[in-house]
Amino acid sequence: MPIGFSNEEIMQTIKMIEAENLDVRTITMGISLLECSDESPEKVYQKIYDTISRRAENLVKVGEEIERDYGIPIINKRISVTPIANILGSCKTDNYTFAAKALDDAAKNVGVNFIGGFSALVHKGMTRSDEILIRSIPEALSVTDLVCSSVNIGTTKAGINMDAVRLMGEIIKDTAERTKDKDGLGCAKLVVFCNVPEDNPFMAGAFHGVGEPETVINVGVSGPGVVASVVKQNPGIPLGILARKIKETAFKITRMGELVGIEAGKRLNVPFGIVDLSLAPTPAIGDSVADILEGMGLERVGTHGTTAALAMLNDAVKKGGAMASSYVGGLSGAFIPVSEDAGMIRGVEEGSLSIDKMEAMTCVCSVGLDMIAVPGKTKASTISAIIADEAAIGMINKKTTAVRIIPVPGKDVGESVVFGGLLGRAPIMKLSDFDSSEFIARGGRIPAPIQALTN
Amino acid sequence: MSQENSRVVVTVVGKDKVGIIARVANVLAENDANILDISQTIMQDFFTMIMIVDIQNCKVDMAGLKETLDVEGEKIGVKISAQREDVFQYMHRI
């Protein structure tokens, strides 16, 4: 009787799942809503609700079946939809909150954890519909529970739309204000991107891109705990060898993701899109990217050497993952959200991790300044300037960057805020005391960089 | 079971005592799960058993079998996991 594997391999898999928090973070179903446009908001509401309810009817059930069948936890089942601004151009209204309600109601109906796509892509300019959507964000996020919103304000090919950057600073402030009874929770569901990917399964930035099919299944894997454990078991070994060990681990994690994605696609009769290879931390102890970096020999995350360690980690994860799956996409890299990672929280609280160091770290990993709580009194123009800095990093380096920042109403440095669940807890971070408002007030467009001229 | 691969890897880890194999094998037999292979060692003082089981004619589905084994494991005082062989195939082989 041939057993194809060694006992060590079998026990390794069991250990990964049972002791090291290996899980599939999310199965995200992308759904095109292009068929939902109409002049009447009431009709649009109904079309959105019906389309999502029909296509995602079995998503949660199938997710749970796979979870039971394979014994691999699948933490979230989510939906992403066509950017709402793209389908409402002909709708006779100047407020899109009703569409957010439709998404929220449909998401609750099918039982998913989050729904993303209350979004607009405005990297080169805004249509009337884009602007209505953006101006509807504060209200939309304050009257819904599961809706996530994202706005893309720059790309390497188009440059940075600084008018949109300026507007987003105000929108983030307004969103925080409208959800102040929950410490600005609305902002935790709002991401501002540069170079946004169209098939990202992770929230809050997921939407169903215009190049995507009618329906698709994308999978986001996780596994910081598994990588941290490998790093900790190998103290003192040279970094090149450590990189190989991380690569081997990333390979195995990604294989799990692909297995789940293909199986979900088969059972739902929907094409499988991509595996997103991100190391996504959770507030659970041991499920932290900061732990990995500290395991490499840094006393605290954020100290000198952190950027180098993160660069190696991110690259090793990609190399291992790229070998493991034929279809890799989304964000694919290490996430470094503050509130969702116990080690990052500790770094901020103990003073090793500043916003400046985080900005440097975002140059070498996926995404950007993520889940950062800042003082409620922070000016809109300062938030815009932070967005502009991140977007510049993304634009020049041809990578995705994002800002998810929460100016917590009524709170200041030294205090912290608890969002609960996967969103975790965040200490309020200190920002520069100096002003950026005249720079932001200029508006206009930062031209596409020379890197854009690739043809 | 209609799946193409009906083989399941059952692992048992815990403190060694008399009759672990017998009791796990009993549960599998009661459910018409056919044991294809067993290997057993003591790793770092822990009893570690790996079984390959065919559940093609099993009375309960995979989720049901996992639950039954879980309950039995608790009674014996060991941790029993059951995973589809596909998982290992996928993770360790291309």
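Biologist: How many residues of chain A are in contact with chain B?

Modeller: The structure is a predicted model. On the side of chain B, 29 residues take part in the contact. Their partners in chain A number 29.

Biologist: Which three residues supply the most of the area that chain B buries against chain A?

Modeller: The area buried between the two chains is about 2,800 Å², and carbon and sulfur atoms give 64% of that area. One set of three residues supplies 27% of what chain B buries against chain A, more than any other three. These are B:Tyr90, B:Met91 and B:His92.

Biologist: Which element gives the most to the side of chain B that touches chain A?

Modeller: Several elements of chain B each supply at least two residues of that side, including strand E1 (7–15), helix H2 (62–76) and helix H3 (85–92). The element that gives the most does so with eight residues, and its name is H3(B).

Biologist: Which side chains meet in a salt bridge?

Modeller: Across the interface of chain B and chain A, one salt bridge is found. Its N to O distance is 3.2 Å, and the cut-off is 4 Å. The side chains are those of A:Asp69 and B:Arg84.

Biologist: Over which ring does the charged end of B:Arg84 sit?

Modeller: B:Arg84 takes part in the salt bridge with A:Asp69. The charged end of B:Arg84 also lies 5.4 Å from the centre of a ring in chain A, over the ring of A:Tyr70.

Biologist: At what distance from the ring centre of B:Tyr90 does A:Arg255 lie?

Modeller: B:Tyr90 is one of the three residues that together supply 27% of the area chain B buries against chain A. A:Arg255 lies over the face of B:Tyr90, and the distance to the ring centre is 4.3 Å.

Biologist: Why is the pair of A:Tyr45 and A:Tyr49 stacked?

Modeller: Two aromatic pairs are found over all chains. In the pair of A:Tyr45 and A:Tyr49, the centres are 6.3 Å apart. Planes under 30 degrees apart count as stacked, so the pair is stacked because its planes lie at 5°.

Biologist: Is A:Phe202 buried or exposed?

Modeller: A:Phe202 forms an edge-to-face pair with A:Phe335, at 4.8 Å centre to centre and with 75° between the planes. The pair links distant parts of the chain, 133 residues apart. Buried means under 20% relative accessible area; at 4% relative accessibility, A:Phe202 therefore counts as buried.

Note on methods
Residues are numbered from 1 along each chain as its sequence is written. Chains are lettered from A and ligands numbered from 1 in the order in which they are written. This is a predicted model: local features need pLDDT of at least 70, side-chain atom pairs count only at pLDDT 80 or more; totals for chains, interfaces and linings use all residues. Side-chain values use heavy atoms; hydrogens and water are left out. Rings of Phe, Tyr and Trp (its six-membered ring) pair if their centres lie within 6.5 Å; planes under 30 degrees apart count as stacked, over 60 as edge-to-face and the rest as tilted. Helices (H or I, at least four residues) and strands (E, at least two) are DSSP runs, numbered from the N terminus. Buried means under 20% relative accessible area, exposed over 50%, partly exposed in between (1.4 Å probe, protein chains only). A charge sits over a ring if NZ of Lys or CZ of Arg is within 6 Å of the ring centre and within 35 degrees of the ring normal. Contact means heavy atoms within 4.5 Å. Buried area is the accessible area (1.4 Å probe) that two parts lose on being put together, summed over both.
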